[in-house]
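Hello,

Here is the structure I said I would send over. Have a look at it first, and then read on for my notes.

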Amino acid sequence: MMIKEKRQIFIFLLFALVVLLVPIFLKGSYFLNVLVFIGINTLLAVALNLLLGYAGQISLGQAAFFGLGAYISGILTTRFPVDPWLALVVAAGCASVLAFVIGFPILKLKGHYLAMATLGFGIIVYIIFNETVDWTGGPSGLSGIPNLRLGPFVFDNDRNNYYLVWMMTLGVMLLSINLSQSRIGRALRAINDSEVAARVMGVNARMMKVQIFTVSAFVSAIAGSLYAHTITFISPASFGFNFSVELLTMVIIGGLGSIYGSFLGATILTMLPEFLRVFRDFDIVIYGLMLILITMFMPAGLIGGIEMSIKIIAEKIKGSAENNA
Amino acid sequence: MDNPSQLVQYILTGLSNGAIYALIGFGFAIIHNATGILNFAQGEFVMLGGMFTIFILSFLNIPLPMAIVLAIAFSTLVGILFERLAIRPLKNVKPLSLVIITIGASIFIRGAAMLIWGKDTHALPAFSGNEPLYVYGATIMPQHLWIFGITILIIIANKLFFSYSILGKAMRACAYNAYAASLVGIDVKIMVLLSFVVSAAIGSMAGIIIAPLTMTSYDVGIMLGIKGFCAVIIGGMSSGLGTVLGGLLLGLLESLGAGYISASYKDAFAFIILLLILFIRPEGLFKQKETQRV
């Protein structure tokens with residue numbers, strides 16, 4: 001156990017070091033800009049993974065919490081003289097309270113029913129973004145959202161935004177990795193395997209599910225607020241059902257329950273449209289195919305697949321070494 | 001238009017939309033009862049029905065009824081391929097995986113439809129002209145009558161099939177207990193495939209009869225699918241009267257809500273009803289509560 005934990009710390013520190021050093025080697029600002037969005041999507045994917053990968057509860061309404069974070073932040077800072085940092089805190093708080101309140105009835109549902117209910121919730125929120133034109137600007141969006149700032153230091157260029165977003169993302173990743181090895185993480189896994197068995201063992205499954213749903217909404221709303229303040233313009237199109245499916249795809253192809261998997265999934269899905277500009281319209285077909293194929297043939301996702309093939313190769317090498325000897 | 005006739009108009013629109021929701025709901029119930037899967041791609045069969053008909057008509061110079069039959073055949077083929085390629089190969093999977101696979105299939109079919117047919121909205125010609133009829137000051141399109149007629153026919157055919165035909169009875173046996181059904185010589189795999197066939201056929205028919213009224217495009221499947229799901233949830237996951245009532249109720253509430261409260265929130269009403277039903281009576285409005293075995 002100790003060795004495993006030490007290895008985990010080592011891997012995380014290595015990952016964090018690479019993340020912090022990357023901007024030094026990247027002079028071109030375009031790629032840095034893509035990395036900012038990878039950071040935001042990683043936050044969102046990790047948030048969904050806490051719910052889906054750890055606790056086994058699906059949500060097709062994650063884009064709604066992302067959107068709520070973005071819109072609450074955007075409206076508070078453009079319509080009222082609210083400081084962006086305060087807006088971020090208020091946005092995350094509001095989304096969490098909403099998630100906590102709807103969490104009780106919604107998480108009573110299971111499997112397909114839970115998927116449909118969260119999908120319905122997501123679409124209701126999306127309709128509200130579109131129709132409350134006086135507040136949100138409707139389909140044409142909300143512009144002029146101010147950047148975050150620390151004293152004289154303004155987060156208005158890609159390099160600064162990169163550090164802002166990735167500090168937050170690394171923090172959330174560390175907490176999530178920690179969570180998986182805590183008592184709460186084990187309880188969530190127990191719920192994932194068998195909710196009844198978990199309850200028999202004394203896990204307050206209902207409260208636990210609502211809490212992780214709330215945490216997931218909290219992180220998603222922070223991502224939304226960061227998104228609004230870095231990109232300074234938001235419109236409902238970014239927060240629809242398609243984006244919820246995209247987040248689901250990130251988590252599935254990376255690997256359920258794997259935090260680095262979420263990063264990998266977010267990276268692939270953020271880069272894919274950048275590289276496949278010619279095939280712009282193909283992305284949705286590719287996402288659908290990936291969801292099906294990965295679920296059928298690689299249920300542990302790419303990270304699981306990589307670990308598996310390393311193991312197989314290692315055993316083969318070992319085997320042939322023994323044969324030779 | 002005075003108020004009573006406006007009310008009649010809303011009710012008519014509501015009922016005809018509701019009939020469509022009920023048919024889509026049937027599709028959900030038939031697959032769910034045979035396999036335990038809630039097929040998220042159900043709405044895509046509805047989209048395929050309308051889109052296939054329109055494109056068969058534009059490529060082949062054949063009469064509408066033949067185009068409709070061909071379109072249903074093609075949609076059913078998609079249903080068969082879906083079952084054979086993505087559902088049957090699975091063994092001992094968690095419900096979560098099934099949810100994800102049907103979601104994947106739904107966006108795959110939608111994306112493929114977009115690539116093949118483009119993003120434009122298309123109209124199917126009405127089955128028998130656009131000369132409106134007037135009832136109590138409200139206008140009825142002949143297409144509304146087609147919708148009511150075909151829906152009633154499908155409901156009766158569905159009832160007869162599941163109550164009297166040997167195949168229908170075998171499918172019901174599988175729904176009740178697949179293992180016991182296999183012991184008395186029923187081929188469960190064939191019944192599962194058949195459930196996809198029936199469900200795709202009914203779904204695409206629904207898509208075809210609504211297309212002349214509402215237009216259609218590659219992305220209509222998701223909204224129609226969820227509303228059909230809402231109907232079948234109200235009906236307690238049966239392909240019977242409960243779901244018909246559920247669909248009509250949903251159609252009426254939606255149409256009256258859009259007419260008297262706010263048209264821009266029309267879709268939101270359906271989803272609020274869906275959430276309320278799921279929260280308060282997930283076993284349906286017309287069903288006795290059952291205990292869950294674990």
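One definition before we start: helices here are DSSP runs of H or I with at least four residues, strands are runs of E with at least two, and both are numbered from the N terminus. Counted that way, chain A has 14 helices and four strands. Please keep in mind that this is a predicted model. The predictor gives the complex an ipTM of 0.87, along with a pTM of 0.90. For chain B, the mean pLDDT is 89, and 96% of the residues reach 70 or more.

The two chains, one by one

Chain A spans about 75 × 55 × 40 Å along the principal axes of its C-alpha trace. Its radius of gyration is 20 Å, which agrees with the value near 20 Å that a compact globule of 325 residues would have.

Chain B has eleven helices and two strands. Reading from the N terminus, the order is α-α-α-α-β-β-α-α-α-α-α-α-α, so you can find the two strands right after helix 4. The C-alpha atoms of chain B fill a box of roughly 60 × 50 × 35 Å along the principal axes. A compact globule of 294 residues would have a radius of gyration near 19 Å, and chain B agrees, with 19 Å.

Helix 4 of chain B, residues 95-117, is a good one to click on. Its 23 residues reach 33 Å from the first C-alpha to the last, close to the 33 Å expected at 1.5 Å a residue. Just after helix 4 of chain B comes G118(B), which has a positive phi, near 80°.

Where the chains meet

How many residues of each chain are in contact with the other? On the chain A side there are 32, and on the chain B side 35. The elements of chain A that give two or more residues to this side are helix 5 (111-131), helix 11 (241-254) and helix 13 (283-297). Helix 5 of chain A gives the most, with 13 residues. By class, the side of chain A that touches chain B has 24 nonpolar, six polar and two charged residues.

Helix 5 of chain A also packs against helix 11 of chain B: their axes come within 9 Å and cross at roughly 145°. This crossing is left-handed. From helix 5 of chain A, the residues that take part are Y113(A), A117(A), G120(A), F121(A), I123(A), I124(A) and I127(A), and they meet D267(B), A268(B), F271(B), I272(B), L274(B), L275(B) and L278(B) of helix 11 of chain B. Sorted by class, the residues of this contact are twelve nonpolar, one polar and one charged.

Helix 11 of chain B inside its own chain

Helix 11 of chain B (residues 266-280) also packs with helix 9 of chain B (residues 220-234), at an angle of about 35° and with the axes 10 Å apart. Here, too, the crossing is left-handed. Helix 9 of chain B contributes M223(B), K227(B), C230(B), I233(B) and I234(B), while helix 11 of chain B contributes D267(B), A270(B), I273(B), L274(B), I277(B) and L278(B). Nine residues of this contact are nonpolar, none is polar and two are charged. D267(B), L274(B) and L278(B) appear in this contact and also in the one with helix 5 of chain A.

Happy browsing, and do write back with any questions!

Best wishes

Key
Residues numbered from 1 in each chain as written. Chains lettered and ligands numbered in written order. Predicted model: local features only at pLDDT ≥ 70, side-chain atom pairs only at ≥ 80, totals over all residues. Axes fitted to C-alpha atoms, helices over the stretch in contact; angles between N-to-C directions. Left-handed = near helix turned anticlockwise from the far one by under 90°. Contact = placed C-beta atoms within 7 Å. Nonpolar A, V, L, I, M, F, W, Y, C, P; charged D, E, K, R; others polar. Expected span 1.5 Å × (residues − 1). pLDDT = per-residue confidence, 0-100. Rg over C-alpha atoms; globule rule 2.2 N^0.38 Å.
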